[in-house]
Amino acid sequence: MSRLRILKNPLDGGDEILRVRTDDVLKVFKEVKKKHPQARIYITPACAQNDVTPSSKVDEASLQVMSKTHDFDIVCQAGEPATIIAIVSLVLSLAMAAYTLLTMPDPQDGVDRPSSNNQLGQRENRVRIGGRIPDIFGTVKAVPDLIAPPFRYFKNNVEIEETLMCLGRGHYQISEVKEGETSIEQINGESVSVYDPGQNLTTANPMYRYGDIMTDAPLVGRESRSITGQTLLNPSSARVVSSDITFGYPNIVYAATNAFTNGETIAIEGAKYGVADALLSGTTDISLDFVLTVATTADIYSPDNFKKIAINALLVTDPVAGTLDLAGTYDVSSIVKSGSPAAWVYAVSLLNPETVNQNFSLLSQPATSSTSSNLTANLDSVNLDGTYTININDGTKLTLSAPDADNPDWLKLQNWGGTAGNTIGLYGTQENWLGWYETDSEADQIYANFYAPNGLYHIGEKGYKEVIGVQLELEHQAIDIFGNPVGEIFYKTQALFGNIKSIASPVGLTLTGSLLSPSRIRFRLRRTTVHTSRGTVVDEVQARSVYTMRKLEKLTHDDITIVRSQTVTNDISAGVKKRELNMLATRKLHSYASGVKSASRAATNNFADTVCAMTEDPHIGRRSVDTLDIASLYATQNAIQAYFGITKATEFNYTFDNANQSYEETLAQVASMVFCNARRDSGKVYFQFERTSPSSSILFNHRNKSPGSETRTEKFGVDNEYDGVEVKWVDPADSWTEKILKLPNENISNAKSIELSGVTNRYQAHFLAHRAWNKIQYQRETVQFTAYGEADLITINDRIAVTDDTMPTLVPLGEGSTSGDVVSWLGQVIETSQPVQLDPLRVYAIHLQLSNGSIEVMQVSQGVDEYHLTLERLPILPLITVLDGKIAATNYSITLDAEKDSEAYLVSEKSASGQFETQITAINYNPLYYSNDKDHINNLI
């Protein structure tokens, strides 16, 4: 059996793609081509070289042979080959990407779908089609995503909901599983199983289990939008026959009767007006192009106005196929009348009769037989007979529900003169089916849920109460791609009884059915029981919901933790539609603390383990951990814990759900929450701990700054822009709600807002908040300039040295320039590029930019002349005196020794401003920025 994907519209990859299984690919393609002459067929995937559209009988035979081993794509609106192939490829790739499991609801257009883990309100288990699978690191309150719509059914009068969800990528340690704020241990009948990556979803031993063992494969599907809680009507035998009944456009039956109720199905008989049907019988020749030539004495007026023929009897004998019955009702394209009153001849051209009766396609040669038929559907007639659903009965007229959908003759009433004179019969159908309704996705199982909201019981005239039952029925049948029913109609019936222990309590029942193979389905529902007992009868039964489903075939997922749940609805009348199954989930990761990868995973929220995992993750870093300075990473983690005096200072707990977040951005987010800067040096990534620093990393002077780009701003007192900071973080101790820490007090009105994504303890929040507030308090000067290549070596919060080049600067009580390059170096003597004369009565410090990116500071004195200086001691690294194209000559800057930190700044902003140029914004360095870092050690937290 081949699988076909039929694109009705190649510009739309949504519901316009039909998926079909068939044993006769050629037949399906021909059916499509009749409606879409431009249609073409391709071996999957659709591309120019896979075009197998047949143009001859030989091609058709070849297609039939290929259908035994291939799947196909049919494009209905094919245009230019190159254009249509490009469109088909795009549409199919997008369609298959969104076609998760079976079918799922569409997300709202233009709305971002973040994980509920990061939502502080209105958390719920929901679908996130196209969203990033949650990447949880550390410990979070996890609200798993639905990966298939939940479905409900009744078992022993209790409604049960089953869900299939994704917790996230990787392995986890699970605890504190809840439904909302209620532990599942307190919910009677709740069952939850969590499966590690690679575990089969039918195993009896999942990684975590509470409640019943779920060993059946999950069912995935969708709920029918046609069933919305309609009340099932009693079978009707009502009968109204009158000559006063008339009809009005577009859906009105003028009949004064209360015999029928809203929603009931009625049959109309006798509503035929205008030209009557004509009998056409006689000897008939049948041609292979589907023309019936009938010889008869009947003189039919304007026969070409008839557009249908109902053949009651037409048997032919074919030399190949044998006896063929060609009876049926067919569309007519034309009727040509010839001959004379003695012998009239009518040539009736049928329109696609093989779609009604396949025997027409079996004819191997023309045939002759006798026919008995009627010509119907005359252009000058109206026939309103049929079966319809009543929308409203107001006692004077019946308003039908879209009768023209089943009988287009209702549209003729708009221009019809009148419908009086006939005796019309209105009859209850004795069935009152709800449906047929069609599904738009393939499935092999159907679940129909029935619900009696008030119970089922009878109260006798003497007050005696007893439960009663209602017999319910489900019929379903496969349909083809055109909506035509095929194969057997399957039938299921069962009685729903009231609750004998509490007769007024709601009760429910689920009828299930199955098909031999997946297909689109049509279904209908009804009740067959009518209670006529004296007294009070409570027997309303509603069609609550219908699900079409199939078993999940993929039962293991290599890198995803899956959650299954069964939830018992304790009050089935509540109709709860949203769920918030949640749990504490801690990511299990390998550790490199020993220098090598640990043998097993362990639950962790330390940032060093997280960074290693992110780096080698195939969807985040996509690189070896060898690109990390692992020893430095774990040493930095230990240093942070020792510095703050608490291990929680290095925790990181967050769910990454943004598909556009890069590896570098991810590392930067982690680093900022643990007081670090993510750096790369000599091809190795490491984390640089930000704390009080005795020296700067890079010296910026007139040699590596763009001329005229530097501006400086000084201020006194607290920055007028902000009067405090407002830090937001998530507190696990208070149900994982958002907490706000305000500094310096709660009365601030214009706070700088900071969101700590990944912080879930008050210690980290305290340290980060105070650092932010201290930088606002003690910031006195801001410098902004454009730098050259050296700017690539720094990042946010780095300490740098910046000389003041906004105006010519002289050495105090001396003459010359305060900065330049080292031209030559011998021992403790350096030659400078710029002249300088130092005051012998003052003490000076020189800042030397070393080749490893650090700055060395020492005292300096005047040399033999204005171009020579004498260093206090030998530098720790060789000084560079010649620019060789790779390493710049050593820069220097001179200050008074007492003011050697006056050129120290912290980088606050950095952005590219041109080729090999970077815009730098920095604030003055002040050790008071870190004055609250020891608050925990000093017992102030």
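Student: What makes the contact between the side chains of Arg 169 and Asp 617 a salt bridge?

Tutor: A salt bridge is defined as a side-chain nitrogen of Lys or Arg within 4 Å of a carboxyl oxygen of Asp or Glu, and the side chains of Arg 169 and Asp 617 meet at 2.9 Å, N to O, so the pair satisfies that definition. This is a predicted model, in which local features need pLDDT of at least 70 and side-chain atom pairs count only at pLDDT 80 or more, while totals for chains, interfaces and linings use all residues. Residues are numbered from 1 along each chain as its sequence is written, and side-chain values use heavy atoms, with hydrogens and water left out.

Student: Where in the chain do Arg 169 and Asp 617 lie?

Tutor: Arg 169 is in strand S8 (residues 158-169) and Asp 617 is in the loop between H4 and H5, 448 residues apart, so the pair links distant parts of the chain; helices (H or I, at least four residues) and strands (E, at least two) are DSSP runs, numbered from the N terminus.

Student: Why is Arg 169 called buried?

Tutor: Buried means under 20% relative accessible area, exposed over 50%, and partly exposed in between (1.4 Å probe, protein chains only). Arg 169 has 6% relative accessibility and therefore counts as buried, and Asp 617, with a relative accessible area of 7%, is buried as well.

Student: How do you know that Glu 354 and Lys 34 form a salt bridge?

Tutor: Their closest N and O atoms are 2.2 Å apart, and the pair is accordingly listed as a salt bridge. Glu 354 lies in the loop between strand S26 (343-351) and strand S27 (367-378), whereas Lys 34 belongs to helix H1 (residues 25-35), 320 residues apart. Glu 354 is buried because its relative accessible area is 15%, but Lys 34, at 37%, is therefore partly exposed.

Student: What makes Arg 526 and Glu 473 a tie between parts of the chain?

Tutor: Their side chains meet in a salt bridge of 2.7 Å, N to O. Arg 526 lies in strand S38 (residues 507-527) and Glu 473 in strand S36 (residues 469-479), so the pair ties together parts that are 53 residues apart in sequence. Arg 526 counts as buried at 15% relative accessibility, and Glu 473 counts as buried at 6%.

Student: Which residues are joined into one network by salt bridges that share partners?

Tutor: That network consists of Arg 132, Asp 135, Arg 169, Asp 559 and Asp 617.

Student: Why is helix H4 called mostly covered?

Tutor: Nine of the ten residues of H4 (residues 607-616) are buried, including Phe 607, Val 611 and Met 614.
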